[in-house]
Amino acid sequence: MAFQVPGRTRGLAHCRETAVTAARPTSLNLADVEREELPVDVLLVGAGPASLACALHLNKLLAEKGLDDKTVLVIDKAEEIGHHTLSGAVMDPMGIAKLFPDWRERGFPIEAEVEDDWAEWFSAQGSRAMRGIFTPPQLKNHGNVIVSLNKVVRWMAEQAEAAGIEIYAGFPAAEVIYDGERVKGVVTRDSGVGKDRSRKSNFEPGMRIEADVTVFAEGPRGSLAKNLIKKLDLDAGKNPQTYGTGIKEIWEVPEAVGKEMFGKVFHTGGYPLGGDAYGGSWVYGIAPDKLSLGFVIGLDQRDAKLDPHALFVQWKQHPRIAKLLEGGKPIRYGAKVVPEGGYFAMPRLQGDGFCLVGDTAGFLNAATLKGIHLAIQSGMLAAEAIAEALVAGDTSGAKLARYTELFEASAAKRELWSYRNYRQAFDGGLVRGILDFGLQKLTGGRGLVARRKGHTDHSTTGKLSEARMQKPAFDDRLALDKLTDVYLAGAIHEEDQPAHLLIPDPSICVTRCTEEYGNPCQHFCPAAVYEWPEGAKKVVINASNCVHCKTCDIADPYENIEWVVPEGGGGPKYVDM
Ligand code: SF4
């Protein structure tokens with residue numbers, strides 16, 4: 001769905017690229033540390049649906065090929081698998097059905113079957129429903145299931161462990177090990193390092209895990225994948241990836257509302273957006289007494305005061321949503337970015353000794369707001385290429401390019417190709433976007449031009465003098481403030497550690513950024529991590545609040561924030577999200 005902020009003028013003529021020139025730190029690990037070494041055959045970084053599908057399928061293929069002595073290891077930065085996993089989520093079951101044809105019999109966790117779906121267009125006070133043939137086809141969900149992705153990955157991890165796959169939670173990957181352009185594994189994050197970078201009594205050096213193949217499945221804007229893509233030019237000739245920030249809450253609601261909404265799915269457009277911002281929302285009935293609510297806003301809109309959390313609050317205060325939430329209470333909160341750039345923004349999927357899968361590689365259909373089924377497919381396709389490479393004893397990029405070949409012949413490619421110009425069509429505003437998208441539907445995804453160009457999100461930020469976004473007054477009902485929501489996310493980090501939000505050139509913050517943009521970090525962060533107290537000469541970073549959404553790493557107008565992994569176990573604790 002697409003929306004616009006009133007009064008905004010838009011145009012990519014305003015785009016500019018402004019990278020800071022200071023040296024860019026990419027890890028908080030200490031130098032000159034003796035590290036334990038762990039050799040494995042295949043290492044998967046991250047334990048989301050793409051990674052676990054890859055591990056499960058690979059394990060099966062290796063057994064079929066008589067290579068069951070090969071070691072497959074999954075590591076994840078969360079203290080428990082699923083704690084850093086977040087999605088809406090309505091899932092197209094085609095991905096899980098490929099992985100496990102008997103997924104239902106195995107007890108795959110389903111919150112509800114989708115029983116009814118529709119879209120609504122919001123004005124400031126009213127709403128107009130689009131049902132049946134008037135529901136935009138990309139928002140029809142008949143045959144899909146409502147899931148908690150958090151529960152899904154826990155279930156997948158159980159299947160993987162039952163199959164003998166090792167999974168280590170609380171192991172953040174901090175550095176890529178390179179041998180020239182070949183990836184040879186990762187070093188995990190040191191723990192027990194104080195704020196002053198001294199070794200504390202509980203210091204534990206990160207481990208050096210070497211692998212024949214490393215699969216990067218860190219989710220959107222992976223901190224290792226970002227630098228890998230840059231170092232090896234994996235995005236040469238591609239559109240820049242573009243993102244939206246999604247904010248989610250789960251509400252307990254009175255029985256009458258919960259039962260009425262159970263199994264129902266609707267998406268909204270319009271208020272609180274109205275000009276040239278791209279975004280939309282969802283309401284899913286996930287249990288007879290619970291609703292999943294969320295709002296996604298494209299990070300390429302121009303308002304320097306863009307505040308995804310504030311937009312979510314304004315949307316909840318709309319009479320249609322406020323009525324649904326009357327008598328209810330929020331019990332969970334979370335935020336993450338989603339890669340919206342589509343097919344033309346996907347980086348090269350492999351190189352010497354590595355593959356990229358899932359959100360890390362841009363496997364998401366922004367039009368349908370779905371990526372779980374694509375993530376699972378990407379993991380399975382990568383697994384097939386990796387198994388062939390291990391059989392051949394050749395894990396070079398040329399051999400692993402089989403992954404791209406398989407992808408190009410897959411259902412995942414056909415789906416992403418049919419929406420290849422979708423998101424970029426809205427760069428020219430809502431009306432042009434809708435017209436172009438209509439044309440895309442008639443021309444197999446092409447639209448007005450064969451390939452629309454993209455742009456980085458941070459390059460579209462408008463000047464402070466043009467910023468208009470108003471903040472809502474917070475209360476303890478619908479308009480929860482960010483700190484209350486951080487509490488509902490369970491976000492916490494060891495306080496005595498270096499902040500994992502690095503600012504390569506702090507002088508930019510207090511000079512150019514303050515003057516030109518008014519320090520947008522204090523607005524766009526959905527967890528109140530960045531604060532500029534009155535008269536302060538530097539930003540205060542409340543790193544412990546961070547929910548690992550990655551918005552700051554993407555949206556800072558000077559690319560002057562580098563998100564790196566904190567100590568293991570830090571971050572949100574998403575449960576049932
Ligand atoms: Fe998201 Fe960055 Fe804020 Fe953390 S600090 S919650 S990654 S915007």
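# Reading cavities, helices and backbone angles

Analyst: About 90 Å³ is the volume of the second largest cavity. The model is a predicted one, and this cavity is the starting point.

User: How should a cavity be read, and how many of 30 Å³ or more are found in the whole structure?

Analyst: Rolling a probe the size of a water molecule over the atoms shows where empty space is left. In a cavity the probe fits but cannot get out. Searching the whole structure gives 9 cavities of 30 Å³ or more.

User: Which residues line the second largest cavity?

Analyst: The lining consists of L299, Q301, D303, A304, L306, D457, T461, P520, F524, A555 and P557. Sorted by class, these are 7 nonpolar, 2 polar and 2 charged residues.

User: What is the volume of the largest pocket, and which residues are closest to its centre?

Analyst: A pocket, unlike a cavity, is an open set of points. The largest pocket has a volume of about 690 Å³. It is lined by 31 residues, and R221, K226, I229, D235 and T456 are the closest to the centre. Two elements, α4 (223-231) and α17 (551-555), each give two or more residues to this lining. The largest share, 5 residues, is from α4.

User: How does the lining of the largest pocket divide by class?

Analyst: There are 11 nonpolar, 8 polar and 12 charged residues in the lining of the largest pocket.

User: Now a helix. What length does α13 reach, and what is expected?

Analyst: The expected span follows from the number of residues, at 1.5 Å a residue. Helix α13, residues 430-442, has 13 residues. Its first and last C-alpha atoms are 19 Å apart, close to the expected 18 Å.

User: Which residues of α13 are buried, and which are exposed on the face turned away from them?

Analyst: Buried means under 20% relative accessible area, and exposed means over 50%. In α13 the buried residues are L430, G433, D436, F437 and Q440. They lie on the same side of α13 because the arc they cover around the axis is only 130°. V431, R432, L435 and L442 are the exposed residues on the face turned away from that buried side. Among the elements covering the buried residues of α13 are β5 (116-122) and α12 (422-425).

User: What can be said in the same way about α3, including its buried residues?

Analyst: Helix α3 covers residues 149-162, 14 in number, and spans 20 Å from first C-alpha to last, close to the expected 20 Å. Its buried residues are L149, N150, V152, V153, W155, M156, A157, Q159 and A160. The cover over them includes α1 (49-64), α2 (94-99), β8 (166-169) and α8 (372-392).

User: What about a single residue in a strand: is F203 buried or exposed?

Analyst: F203 belongs to strand β12, residues 199-204. F203 counts as buried because its relative accessible area is 16%, and the cut-off for buried is under 20%. Apart from neighbours within four places in sequence, F203 has contacts with L30, V33, D190, S191, G192 and V193. One of these pairs shows how sequence and space can be read together: S191 and F203 are 12 residues apart in sequence, and their C-alpha atoms are 5.6 Å apart.

User: How should backbone angles be read, and where is phi positive in a residue other than glycine?

Analyst: Most residues other than glycine have a negative phi, and most peptide bonds are trans. R197 has a positive phi near 65°, and its place is the loop between β11 (191-193) and β12. R197 is partly exposed, at 36% relative accessibility. D576 also has a positive phi near 65°; D576 is in the segment after β24 (562-563) and is partly exposed at 29%.

User: What is the phi of the glycine just after α13, and of the one that follows α3?

Analyst: Just after α13, G444 has a positive phi of about 65°. After α3 comes G164, with a positive phi near 95°.

User: Which peptide bonds are cis?

Analyst: Two can be pointed out here. The bond joining G88 and A89 is cis, with omega about -5°, and A89 sits in the loop between β2 (72-76) and β3 (90-91). The bond from Y271 to P272 is cis too, with omega near 10°. P272 sits in the loop between β15 (264-270) and β16 (279-287).

Conventions:
Residues numbered from 1 in each chain as written. Predicted model: local features only at pLDDT ≥ 70, side-chain atom pairs only at ≥ 80, totals over all residues. Heavy atoms only, no water. Helix = DSSP H or I, 4+ residues; strand = E, 2+ residues; numbered from the N terminus. Expected span 1.5 Å × (residues − 1). Buried < 20%, exposed > 50% of the residue type's maximum accessible area, 1.4 Å probe, protein only. Arc of directions from axis to C-beta. Contact = heavy atoms within 4.5 Å. 1 Å grid on protein atoms, 1.4 Å probe; cavity = no way out; pocket = protein on both sides within 12 Å on 5 of 7 lines; lining within 4 Å. Points joined across faces, edges and corners; volume = space filled by probe spheres on them. Nonpolar A, V, L, I, M, F, W, Y, C, P; charged D, E, K, R; others polar.
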